[in-house]
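Me: Could you take me through one part of this structure slowly, as you would for someone in a first year of study? I would like to look closely at the salt bridges and at where their partners sit.

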Amino acid sequence: MLYNSFTFMIFFVVVLLVYHLVAMPRGGKAPAMVLLLASIYFYAQYSIAFFGLLVLSIAVSWLVCQKMIAEPRRKKRWLWTGVVLNVLSLGYFKYYIFIANNLNAAGFSLPIFKIALPLGISFYTFQQLAYIIDTYKSGESKESFFDYLLFITYFPRLISGPIVRREEVMHYFSGPEKNTALCLKAGLTLFVIGMAKKLLIADGFAIYADAVFNAADAGKLITTFEAWAGSLAYTIQIYFDFSGYSDMAIGVSAMLGIPLPANFASPYKSLNVVDFWRRWHITLSRWLRDYIYIPLGGNRCAPWRRYFNAFITMVIGGIWHGANWTFILWGAMHGFFQMIYQLWASNPRNKDRIPDNVAIIVTFLIINLTWVPFRSTTFSGAMSILESCFNPVAGLGQSLADPFAVVVYLIIGWIVVRFAPNSNEIMAKVINLTPARGYPATSPDVPSGRFAFMHWRSNSAWAIATGAIFGVCVMRFFSNATYIYFQF
């Protein structure tokens with residue numbers, strides 16, 4: 001049930017009406033019950049079997065947490081039980097075929113059979129691991145099974161995040177924001193902004209990115225122009241695609257009176273690769289920091305170990321995204337550039353040595369190169385594009401029908417991601433975007449200067465603009481375009 005579909009629109013209108021007109025006036029557990037039933041239907045209509053797996057995973061994780069509280073002397077054993085069971089479930093469904101194929105290529109004879117990937121398993125597994133580890137650290141788990149079930153299955157963020165902490169949203173299930181009119185109007189605006197990002201911008205750039213990457217994966221020669229045009233098109237596409245999804249998820253939740261953490265904060269305005277991960281997929285980078293990087297030792301180590309910790313954390317982030325060597329390469333590239341930056345930053349003489357505008361462009365180009373293996377479906381395709389980026393191959397190539405139009409769109413796209421305010425800034429001081437711990441960039445200021453007019457206000461001008469954009473987006477519903485992160 002894609003957000004950009006008539007099916008979801010009908011489903012959500014029904015949920016909103018029942019939630020605000022029936023459940024909220026009754027109070028008590030009624031609002032949470034409506035959300036739980038809606039979440040169950042939202043996921044179960046994809047697959048009853050996978051819904052059963054989800055409920056089983058939730059029940060086991062909750063019981064593990066209860067055991068940690070009831071048996072404090074054995075809580076470390078229960079911690080590892082919960083972690084291993086969740087990782088094994090994710091590993092089997094997502095990585096078994098990849099591992100078996102690679103081992104068989106090395107001479108083993110493991111059976112190969114078709115395994116369907118449960119929708120959202122990467123996200124809800126990380127969500128549950130965070131809950132289990134936090135319960136181990138705090139020594140308490142006050143939530144009932146009903147509360148925990150809703151926390152994990154909450155439909156606005158179940159499929160592709162944001163990945164939230166219990167202290168960020170749990171209390172809102174029993175006491176949503178009371179300013180219903182403001183929540184509805186602001187949430188709807190953010191939802192439409194996200195939809196426009198996806199349908200009107202990301203899908204437009206996807207045409208050019210797909211043409212180049214599909215050609216490379218098919219073994220065709222890629223010119224230097226195609227390599228840069230295709231990779232830059234994907235760099236812009238994935239930002240508007242995933243940040244658009246996050247805006248829609250946050251907007252849907254806001255209309256229910258439940259704020260979610262901001263997940264993006266203008267990542268292509270980053271000054272370095274470390275800054276990028278404070279702005280890109282913020283809730284995932286926070287998870288990797290808190291549950292991988294810091295337990296490995298974080299910054300409290302010798303320099304070589306600190307670089308190793310950063311590298312391993314990024315590789316794990318790559319593996320989380322998918323069972324393919326291309327994702328491992330993507331993570332390794334980020335780990336390598338993290339090490340290079342930390343080495344550079346360790347010298348005090350390098351502070352402020354590079355002007356901000358230059359640093360932003362350099363960082364953007366580095367991130368652009370890392371997206372090449374992320375988008376490629378074959379390792380050879382990724383290598384072909386990367387090689388053409390630096391080994392000049394003359395010509396405009398055959399994959400792009402209108403090279404001039406590509407250049408124009410890329411320039412416009414760069415100007416938007418570099419200078420325009422992001423969704424958080426547009427909705428600042430209106431929607432209560434829960435700040436992600438340790439990421440101040442998610443608590444933005446209101447746009448000022450020439451962008452002051454873009455700060456959202458509850459007035460007729462914004463209502464007309466939102467309605468017009470929504471109307472244009474509806475005409476794109478028939479494209480059946482999916483979100484990039486749905487595959488994870």
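**A close look at the salt bridges**

Reply: In this predicted model, Arg-165 has a relative accessible area of 3%, and because buried means under 20%, Arg-165 counts as buried. Its partner in a salt bridge is Asp-290, with the closest N and O atoms 2.4 Å apart. Asp-290 lies in helix 12, which covers residues 282-293, whereas Arg-165 lies in the loop between helix 7 (155-158) and helix 8 (166-169), so the pair ties together parts that are 125 residues apart in sequence. Asp-290 is buried as well, at 11% relative accessibility.

Helix 12 also takes part in another such link, since Glu-168 of helix 8 and Arg-286 of helix 12 form a pair that ties together parts 118 residues apart in sequence. The side chains of Glu-168 and Arg-286 meet in a salt bridge of 2.5 Å, N to O, and both residues are buried.

Elsewhere, salt bridges with shared partners join Lys-67, Glu-71 and Arg-74 into one network. Within it, Arg-74 and Glu-71 form a salt bridge whose closest N and O atoms are 3.3 Å apart. Here Arg-74 is partly exposed, at 38% relative accessibility, and Glu-71 is partly exposed too, with a relative accessible area of 23%.

To place these pairs in the whole, the structure holds 12 salt bridges, and the chain carries 38 positive and 22 negative side chains. Buried residues make up 56% of the 488 residues in the chain, which has 19 helices and 0 strands.

Definitions and conventions: Residues numbered from 1 in each chain as written. Predicted model: local features only at pLDDT ≥ 70, side-chain atom pairs only at ≥ 80, totals over all residues. Heavy atoms only, no water. Helix = DSSP H or I, 4+ residues; strand = E, 2+ residues; numbered from the N terminus. Buried < 20%, exposed > 50% of the residue type's maximum accessible area, 1.4 Å probe, protein only. Lys, Arg positive; Asp, Glu negative; His and termini not counted. Charge placed at Lys NZ, Arg CZ, Asp CG, Glu CD. Salt bridge = Lys/Arg side-chain N within 4 Å of Asp/Glu carboxyl O.
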